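Biologist: Could you take me through this model and show me how each label gets earned? I'd like the cut-offs next to the values.

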Amino acid sequence: MSSDKHILIKKYLQQHSLVESNIRSFNDFVGRRMQQIVYELNDTIPQEEVQIKFGKIRVGNPNITESDGSISELSPTEARLRKLTYSAPVYVEITVNFGDNSDSAEVEIGRIPIIVRSNVCNTKGLTKEQLREQFMDPLDPGGYFIVNGNERVIVMAEDLAPNQPFIEEGRRGLTLRMFSQRGPYRIPTTVAETADGILDVTFSRLKNIPAIVLIKALGMLTEAEIAKNIGKQDDTVIVNLYEYAKVQQPKDAFMMIAELAGIQGTEKEILDRIKQRVDSYLLPHIGLTKESRAEKAVTLCKLLKEFLQAKSDPTLRTDKDHYANKRIKLSGDLIADLFRVNMNILVKDIQYTLQKVAKRK
(Lines give C-alpha, C1' and ligand atoms only; values in the text may rest on other atoms or scores of the structure.)
Protein backbone atom coordinates (compact mmCIF):
# COMPACT_ATOMS: atom_id res chain seq x y z
CA MET A 1 0.00 0.00 0.00
CA SER A 2 2.87 2.38 0.76
CA SER A 3 4.01 2.24 -2.90
CA ASP A 4 0.49 3.27 -4.02
CA LYS A 5 0.56 6.47 -1.94
CA HIS A 6 -0.51 9.54 -3.93
CA ILE A 7 -0.93 7.39 -7.05
CA LEU A 8 -3.64 9.71 -8.47
CA ILE A 9 -1.45 12.80 -8.07
CA LYS A 10 1.51 11.05 -9.69
CA LYS A 11 -0.60 9.87 -12.64
CA TYR A 12 -2.07 13.37 -13.09
CA LEU A 13 1.37 15.02 -13.11
CA GLN A 14 2.64 12.50 -15.67
CA GLN A 15 0.01 13.72 -18.15
CA HIS A 16 -0.60 17.35 -17.12
CA SER A 17 1.39 20.33 -15.85
CA LEU A 18 0.57 22.14 -12.61
CA VAL A 19 -0.36 25.33 -14.50
CA GLU A 20 -2.52 23.66 -17.16
CA SER A 21 -5.77 24.37 -15.28
CA ASN A 22 -5.07 28.14 -15.24
CA ILE A 23 -4.22 28.17 -18.96
CA ARG A 24 -7.38 26.22 -19.84
CA SER A 25 -9.47 28.57 -17.67
CA PHE A 26 -7.99 31.61 -19.44
CA ASN A 27 -8.59 30.01 -22.88
CA ASP A 28 -12.23 29.41 -21.91
CA PHE A 29 -12.55 33.06 -20.87
CA VAL A 30 -11.14 34.35 -24.18
CA GLY A 31 -12.93 31.80 -26.38
CA ARG A 32 -16.37 31.68 -24.76
CA ARG A 33 -17.00 33.73 -21.62
CA MET A 34 -16.08 37.17 -23.03
CA GLN A 35 -18.75 36.80 -25.70
CA GLN A 36 -21.23 35.47 -23.11
CA ILE A 37 -20.64 38.52 -20.88
CA VAL A 38 -21.16 40.87 -23.86
CA TYR A 39 -24.48 39.17 -24.74
CA GLU A 40 -25.59 39.36 -21.07
CA LEU A 41 -24.70 43.05 -21.11
CA ASN A 42 -26.90 43.66 -24.18
CA ASP A 43 -29.95 42.44 -22.21
CA THR A 44 -29.32 44.90 -19.36
CA ILE A 45 -28.53 48.07 -21.38
CA PRO A 46 -31.44 50.54 -20.95
CA GLN A 47 -32.59 51.53 -24.45
CA GLU A 48 -32.89 55.31 -24.37
CA GLU A 49 -32.93 57.95 -27.12
CA VAL A 50 -29.58 56.69 -28.40
CA GLN A 51 -29.48 52.88 -28.49
CA ILE A 52 -26.25 50.89 -28.39
CA LYS A 53 -25.74 47.18 -28.97
CA PHE A 54 -22.61 45.01 -28.87
CA GLY A 55 -21.85 42.23 -31.34
CA LYS A 56 -18.90 39.90 -31.73
CA ILE A 57 -15.86 40.38 -29.51
CA ARG A 58 -12.36 39.13 -30.25
CA VAL A 59 -8.87 39.30 -28.78
CA GLY A 60 -5.92 40.01 -31.08
CA ASN A 61 -2.35 38.77 -30.65
CA PRO A 62 0.06 40.48 -28.24
CA ASN A 63 1.71 43.47 -29.94
CA ILE A 64 3.47 46.75 -29.25
CA THR A 65 3.03 50.20 -30.80
CA GLU A 66 6.49 51.70 -31.33
CA SER A 67 7.34 55.39 -30.99
CA ASP A 68 7.13 55.85 -34.79
CA GLY A 69 3.54 54.52 -34.81
CA SER A 70 4.36 51.11 -36.31
CA ILE A 71 2.80 47.99 -34.71
CA SER A 72 4.85 44.82 -34.29
CA GLU A 73 4.25 41.43 -32.67
CA LEU A 74 5.58 41.06 -29.15
CA SER A 75 7.27 37.93 -27.79
CA PRO A 76 7.40 37.06 -24.06
CA THR A 77 11.22 37.39 -24.09
CA GLU A 78 11.07 40.88 -25.64
CA ALA A 79 8.44 41.92 -23.07
CA ARG A 80 10.77 40.82 -20.26
CA LEU A 81 13.85 42.57 -21.68
CA ARG A 82 12.06 45.84 -22.55
CA LYS A 83 10.02 45.94 -19.30
CA LEU A 84 6.74 45.81 -21.26
CA THR A 85 3.35 44.29 -20.47
CA TYR A 86 2.60 41.22 -22.58
CA SER A 87 -0.91 42.28 -23.62
CA ALA A 88 -3.24 42.12 -26.62
CA PRO A 89 -5.94 44.48 -27.99
CA VAL A 90 -9.64 43.66 -27.51
CA TYR A 91 -12.03 44.48 -30.39
CA VAL A 92 -15.84 44.55 -30.28
CA GLU A 93 -18.57 45.36 -32.83
CA ILE A 94 -20.72 48.30 -31.69
CA THR A 95 -24.01 49.32 -33.33
CA VAL A 96 -25.45 52.77 -32.53
CA ASN A 97 -29.07 53.63 -33.40
CA PHE A 98 -30.38 57.21 -33.21
CA GLY A 99 -33.81 57.80 -34.71
CA ASP A 100 -33.72 56.43 -38.26
CA ASN A 101 -29.91 56.46 -38.42
CA SER A 102 -27.79 53.40 -37.65
CA ASP A 103 -24.05 52.85 -37.75
CA SER A 104 -21.83 49.84 -36.95
CA ALA A 105 -18.08 49.46 -36.55
CA GLU A 106 -15.49 47.22 -34.94
CA VAL A 107 -13.52 49.24 -32.39
CA GLU A 108 -10.67 48.60 -30.00
CA ILE A 109 -12.01 48.97 -26.45
CA GLY A 110 -8.83 48.25 -24.53
CA ARG A 111 -6.05 45.76 -23.89
CA ILE A 112 -5.86 42.62 -21.79
CA PRO A 113 -2.77 40.88 -20.32
CA ILE A 114 -2.15 37.49 -21.95
CA ILE A 115 -1.07 34.27 -20.23
CA VAL A 116 2.12 32.85 -21.78
CA ARG A 117 1.43 29.61 -23.77
CA SER A 118 -2.34 30.27 -23.95
CA ASN A 119 -4.29 30.11 -27.24
CA VAL A 120 -3.76 33.83 -28.00
CA CYS A 121 -0.07 33.82 -27.05
CA ASN A 122 2.39 34.39 -29.93
CA THR A 123 4.29 31.22 -28.90
CA LYS A 124 1.21 28.99 -29.42
CA GLY A 125 1.96 26.14 -31.87
CA LEU A 126 5.69 26.88 -32.21
CA THR A 127 8.15 23.99 -32.40
CA LYS A 128 11.05 23.59 -29.96
CA GLU A 129 13.46 25.07 -32.54
CA GLN A 130 11.21 28.08 -33.17
CA LEU A 131 10.91 28.65 -29.41
CA ARG A 132 14.72 28.57 -29.07
CA GLU A 133 14.99 31.13 -31.90
CA GLN A 134 12.75 33.42 -29.79
CA PHE A 135 15.03 32.77 -26.77
CA MET A 136 12.26 30.80 -25.01
CA ASP A 137 12.81 27.64 -22.98
CA PRO A 138 10.89 24.80 -24.76
CA LEU A 139 10.21 23.25 -21.33
CA ASP A 140 8.64 26.46 -19.98
CA PRO A 141 4.99 25.48 -19.23
CA GLY A 142 3.78 29.12 -19.18
CA GLY A 143 0.72 29.93 -17.07
CA TYR A 144 1.94 33.40 -16.03
CA PHE A 145 1.49 37.00 -17.17
CA ILE A 146 4.27 39.49 -17.90
CA VAL A 147 3.48 42.94 -16.44
CA ASN A 148 6.09 45.71 -16.88
CA GLY A 149 8.71 43.02 -17.53
CA ASN A 150 7.91 41.04 -14.37
CA GLU A 151 6.36 37.57 -14.35
CA ARG A 152 3.08 37.48 -12.41
CA VAL A 153 0.70 34.65 -11.54
CA ILE A 154 -2.94 34.87 -10.44
CA VAL A 155 -3.48 33.20 -7.07
CA MET A 156 -6.51 30.91 -7.21
CA ALA A 157 -9.37 31.96 -4.91
CA GLU A 158 -11.50 29.58 -2.85
CA ASP A 159 -15.23 30.26 -2.62
CA LEU A 160 -18.41 28.56 -1.41
CA ALA A 161 -20.33 26.71 -4.12
CA PRO A 162 -23.23 28.75 -5.57
CA ASN A 163 -26.85 27.60 -5.96
CA GLN A 164 -26.82 24.95 -3.24
CA PRO A 165 -28.13 25.15 0.35
CA PHE A 166 -25.89 25.41 3.45
CA ILE A 167 -27.46 24.51 6.80
CA GLU A 168 -25.69 25.84 9.89
CA GLU A 169 -26.17 27.17 13.41
CA GLY A 170 -25.82 30.95 13.42
CA ARG A 171 -26.68 34.06 15.41
CA ARG A 172 -30.39 33.48 14.79
CA GLY A 173 -30.16 29.79 15.60
CA LEU A 174 -30.60 27.30 12.76
CA THR A 175 -30.41 28.91 9.28
CA LEU A 176 -30.42 27.67 5.70
CA ARG A 177 -28.49 29.85 3.28
CA MET A 178 -28.10 29.64 -0.49
CA PHE A 179 -25.82 31.85 -2.59
CA SER A 180 -27.89 32.26 -5.74
CA GLN A 181 -25.63 33.19 -8.66
CA ARG A 182 -26.52 34.25 -12.19
CA GLY A 183 -23.79 36.05 -14.15
CA PRO A 184 -22.94 39.22 -12.20
CA TYR A 185 -25.60 38.52 -9.57
CA ARG A 186 -24.61 36.65 -6.38
CA ILE A 187 -27.39 37.10 -3.83
CA PRO A 188 -27.65 35.17 -0.54
CA THR A 189 -31.11 33.82 0.31
CA THR A 190 -31.60 32.87 3.97
CA VAL A 191 -34.36 30.77 5.58
CA ALA A 192 -34.78 31.04 9.38
CA GLU A 193 -37.44 30.66 12.08
CA THR A 194 -38.63 33.35 14.50
CA ALA A 195 -39.27 32.78 18.21
CA ASP A 196 -43.01 32.53 17.36
CA GLY A 197 -42.38 29.63 14.97
CA ILE A 198 -42.85 31.69 11.77
CA LEU A 199 -40.59 30.67 8.87
CA ASP A 200 -39.15 33.72 7.14
CA VAL A 201 -36.95 34.43 4.11
CA THR A 202 -34.32 37.17 3.71
CA PHE A 203 -32.85 38.16 0.32
CA SER A 204 -31.30 41.38 -0.95
CA ARG A 205 -32.92 44.32 0.92
CA LEU A 206 -36.09 42.37 1.71
CA LYS A 207 -35.59 41.07 5.23
CA ASN A 208 -37.63 38.60 7.33
CA ILE A 209 -40.43 38.09 4.79
CA PRO A 210 -42.84 35.29 5.90
CA ALA A 211 -42.09 32.29 3.67
CA ILE A 212 -45.76 31.36 3.13
CA VAL A 213 -46.62 34.93 2.03
CA LEU A 214 -43.69 34.88 -0.42
CA ILE A 215 -44.80 31.50 -1.84
CA LYS A 216 -48.35 32.84 -2.32
CA ALA A 217 -46.97 35.98 -4.02
CA LEU A 218 -45.21 33.66 -6.47
CA GLY A 219 -48.57 32.15 -7.46
CA MET A 220 -48.88 29.01 -5.29
CA LEU A 221 -52.08 29.97 -3.47
CA THR A 222 -53.79 26.92 -1.88
CA GLU A 223 -52.63 25.57 1.49
CA ALA A 224 -52.99 21.99 0.17
CA GLU A 225 -50.62 22.67 -2.75
CA ILE A 226 -48.05 24.39 -0.49
CA ALA A 227 -48.18 21.52 2.06
CA LYS A 228 -47.83 18.96 -0.75
CA ASN A 229 -44.75 20.69 -2.20
CA ILE A 230 -43.13 21.08 1.24
CA GLY A 231 -43.87 17.38 1.78
CA LYS A 232 -43.31 17.38 5.55
CA GLN A 233 -46.20 17.29 7.97
CA ASP A 234 -45.34 18.92 11.28
CA ASP A 235 -46.60 21.60 13.66
CA THR A 236 -44.43 24.36 12.17
CA VAL A 237 -45.99 23.96 8.70
CA ILE A 238 -49.55 23.94 10.13
CA VAL A 239 -48.87 27.06 12.25
CA ASN A 240 -47.44 28.95 9.25
CA LEU A 241 -50.28 27.94 6.89
CA TYR A 242 -52.91 28.91 9.50
CA GLU A 243 -51.21 32.24 10.29
CA TYR A 244 -51.45 33.46 6.65
CA ALA A 245 -54.62 31.64 5.53
CA LYS A 246 -56.34 35.01 4.89
CA VAL A 247 -53.87 35.84 2.10
CA GLN A 248 -55.70 34.45 -0.93
CA GLN A 249 -54.36 36.44 -3.91
CA PRO A 250 -50.81 37.23 -5.19
CA LYS A 251 -51.69 40.95 -5.09
CA ASP A 252 -52.48 40.77 -1.33
CA ALA A 253 -49.23 38.87 -0.72
CA PHE A 254 -47.17 41.43 -2.68
CA MET A 255 -48.81 44.32 -0.76
CA MET A 256 -47.98 42.62 2.56
CA ILE A 257 -44.32 42.16 1.49
CA ALA A 258 -44.18 45.82 0.35
CA GLU A 259 -45.55 46.94 3.73
CA LEU A 260 -42.86 44.91 5.57
CA ALA A 261 -40.20 46.39 3.25
CA GLY A 262 -41.44 49.96 3.80
CA ILE A 263 -42.13 50.69 0.11
CA GLN A 264 -44.34 53.73 -0.42
CA GLY A 265 -46.25 55.26 -3.32
CA THR A 266 -49.50 54.62 -5.19
CA GLU A 267 -50.79 51.04 -5.25
CA LYS A 268 -49.57 50.54 -8.84
CA GLU A 269 -46.12 51.96 -8.06
CA ILE A 270 -45.81 49.77 -4.95
CA LEU A 271 -46.83 46.61 -6.86
CA ASP A 272 -44.47 47.37 -9.76
CA ARG A 273 -41.53 47.97 -7.42
CA ILE A 274 -42.05 44.90 -5.22
CA LYS A 275 -42.65 42.61 -8.22
CA GLN A 276 -39.45 43.88 -9.84
CA ARG A 277 -37.47 43.24 -6.64
CA VAL A 278 -38.86 39.73 -6.14
CA ASP A 279 -38.31 38.78 -9.82
CA SER A 280 -34.76 40.19 -9.90
CA TYR A 281 -33.38 39.31 -6.46
CA LEU A 282 -35.13 36.11 -5.30
CA LEU A 283 -33.18 33.06 -6.54
CA PRO A 284 -31.95 34.83 -9.72
CA HIS A 285 -30.26 31.63 -10.98
CA ILE A 286 -33.75 30.26 -11.77
CA GLY A 287 -34.80 33.30 -13.81
CA LEU A 288 -35.44 37.05 -13.73
CA THR A 289 -38.96 37.21 -15.21
CA LYS A 290 -42.47 36.55 -13.93
CA GLU A 291 -42.49 33.28 -15.93
CA SER A 292 -39.99 31.89 -13.40
CA ARG A 293 -42.24 32.51 -10.36
CA ALA A 294 -43.84 29.02 -10.35
CA GLU A 295 -40.43 27.31 -10.34
CA LYS A 296 -39.20 29.67 -7.61
CA ALA A 297 -42.22 28.77 -5.45
CA VAL A 298 -41.48 25.03 -5.80
CA THR A 299 -37.77 25.61 -5.02
CA LEU A 300 -38.69 27.65 -1.93
CA CYS A 301 -40.92 24.78 -0.71
CA LYS A 302 -37.99 22.36 -1.15
CA LEU A 303 -35.70 24.68 0.85
CA LEU A 304 -38.31 24.84 3.65
CA LYS A 305 -38.47 21.02 3.68
CA GLU A 306 -34.67 20.80 4.03
CA PHE A 307 -34.75 23.38 6.84
CA LEU A 308 -37.47 21.47 8.75
CA GLN A 309 -35.64 18.16 8.33
CA ALA A 310 -32.44 19.75 9.70
CA LYS A 311 -34.43 21.20 12.60
CA SER A 312 -35.58 17.72 13.69
CA ASP A 313 -32.26 15.98 12.90
CA PRO A 314 -29.12 17.63 14.42
CA THR A 315 -26.83 15.52 12.18
CA LEU A 316 -28.06 17.35 9.05
CA ARG A 317 -25.56 20.22 9.05
CA THR A 318 -23.41 21.33 6.08
CA ASP A 319 -19.64 21.01 6.39
CA LYS A 320 -18.55 24.27 4.74
CA ASP A 321 -14.91 23.15 4.76
CA HIS A 322 -15.61 20.03 2.67
CA TYR A 323 -14.35 20.49 -0.90
CA ALA A 324 -17.66 19.25 -2.34
CA ASN A 325 -19.13 22.51 -0.99
CA LYS A 326 -16.41 24.75 -2.40
CA ARG A 327 -15.33 26.02 -5.79
CA ILE A 328 -11.89 27.18 -6.89
CA LYS A 329 -11.86 30.39 -8.95
CA LEU A 330 -9.10 30.14 -11.56
CA SER A 331 -7.57 32.86 -13.74
CA GLY A 332 -10.49 32.86 -16.22
CA ASP A 333 -13.13 33.25 -13.48
CA LEU A 334 -11.30 36.12 -11.77
CA ILE A 335 -10.54 38.00 -15.02
CA ALA A 336 -14.18 37.49 -16.10
CA ASP A 337 -15.33 39.34 -12.96
CA LEU A 338 -12.95 42.23 -13.73
CA PHE A 339 -13.97 42.30 -17.40
CA ARG A 340 -17.68 42.41 -16.50
CA VAL A 341 -17.16 45.36 -14.11
CA ASN A 342 -15.07 47.32 -16.64
CA MET A 343 -17.51 46.64 -19.51
CA ASN A 344 -20.33 48.07 -17.38
CA ILE A 345 -18.26 51.21 -16.76
CA LEU A 346 -17.51 51.49 -20.50
CA VAL A 347 -21.22 51.18 -21.40
CA LYS A 348 -22.16 53.97 -18.96
CA ASP A 349 -19.42 56.22 -20.38
CA ILE A 350 -20.54 55.57 -23.98
CA GLN A 351 -24.20 56.21 -23.10
CA TYR A 352 -23.38 59.44 -21.25
CA THR A 353 -21.30 60.77 -24.17
CA LEU A 354 -23.89 59.83 -26.81
CA GLN A 355 -26.76 61.36 -24.82
CA LYS A 356 -24.76 64.59 -24.46
CA VAL A 357 -24.10 64.67 -28.23
CA ALA A 358 -27.79 63.95 -28.99
CA LYS A 359 -29.00 66.79 -26.74
CA ARG A 360 -26.67 69.21 -28.52
CA LYS A 361 -28.19 68.04 -31.82
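**Labels and their cut-offs**

Modeller: Let's start with two helices: α2 and α11 pack with their axes 9 Å apart, at an angle of about 30 degrees. Axes here are lines fitted to C-alpha atoms, for helices over the stretch in contact, and angles run from 0 to 180 degrees between N-to-C directions. Helices (H or I, at least four residues) and strands (E, at least two) are DSSP runs, numbered from the N terminus.

Biologist: What makes α2 roughly parallel to α11 rather than oblique?

Modeller: Angles under 35 degrees count as roughly parallel, over 145 as roughly antiparallel, 65 to 115 as roughly perpendicular and the rest as oblique. The angle is about 30 degrees, so α2 is roughly parallel to α11. The crossing of α2 past α11 is right-handed; that word means the near helix is turned clockwise from the far one by less than a right angle, and left-handed means anticlockwise.

Biologist: Before we go on, what sort of model is this?

Modeller: It's a predicted model, where local features need pLDDT of at least 70 and side-chain atom pairs count only at pLDDT 80 or more, while totals for chains, interfaces and linings use all residues. Residues are numbered from 1 along each chain as its sequence is written, and side-chain values use heavy atoms, with hydrogens and water left out.

Biologist: Then why is α6 called oblique to α10?

Modeller: Helix α6 (residues 223-230) packs against helix α10 (residues 293-312) at about 60 degrees, and their axes are 8 Å apart. That angle belongs to none of the three named ranges, so α6 is oblique to α10. Here too the crossing is right-handed, with α6 passing α10.

Biologist: On to rings. How many aromatic pairs does the structure hold?

Modeller: Four. Rings of Phe, Tyr and Trp (its six-membered ring) pair if their centres lie within 6.5 Å; planes under 30 degrees apart count as stacked, over 60 as edge-to-face and the rest as tilted.

Biologist: What makes Phe26 and Phe145 edge-to-face?

Modeller: Their ring centres are 6.1 Å apart and their planes stand at 80 degrees, so the pair is edge-to-face. Phe26 lies in helix α2 (residues 20-44) and Phe145 in strand β6 (residues 145-147), so the pair ties together parts 119 residues apart in sequence.

Biologist: How do you know whether Phe26 is buried or exposed?

Modeller: Buried means under 20% relative accessible area, exposed over 50%, partly exposed in between (1.4 Å probe, protein chains only). Phe26 has 0%, so Phe26 is buried. Phe145, at 7%, is buried as well.

Biologist: And why is the pair of Phe29 and Phe339 called edge-to-face?

Modeller: The centres of those two rings are 5.8 Å apart and the planes are at 80 degrees, so Phe29 and Phe339 are edge-to-face. Phe29 lies in helix α2 and Phe339 in helix α11 (residues 331-359), so this pair ties together parts 310 residues apart in sequence. Both Phe29 and Phe339 are buried. Put Phe26, Phe29, Phe145 and Phe339 together and you have one aromatic cluster.

Biologist: What puts the charge of Lys326 over the ring of Tyr323?

Modeller: A charge sits over a ring if NZ of Lys or CZ of Arg is within 6 Å of the ring centre and within 35 degrees of the ring normal. The charged end of Lys326 is 5.8 Å from the centre of the Tyr323 ring, and sits over that ring.

Biologist: How many disulfides does a search of the whole structure find?

Modeller: Zero. To count, a pair of cysteine sulfur atoms must be within 2.5 Å. As for individual cysteines, Cys121 has a relative accessible area of 3%, so Cys121 is buried; Cys301, at 0%, is buried too.

Biologist: Which value of phi stands out at Lys83?

Modeller: Phi of Lys83 is near 55 degrees, which is positive in a residue other than glycine. Most residues other than glycine have a negative phi. Lys83 is in the loop between α3 (76-81) and β4 (87-98). Its relative accessibility is 56%, so Lys83 counts as exposed.

Biologist: And Leu283: buried or exposed?

Modeller: Leu283 has a relative accessible area of 0%, so Leu283 is buried. Its phi is also positive, near 45 degrees, and its place is the loop between α9 (267-281) and α10.
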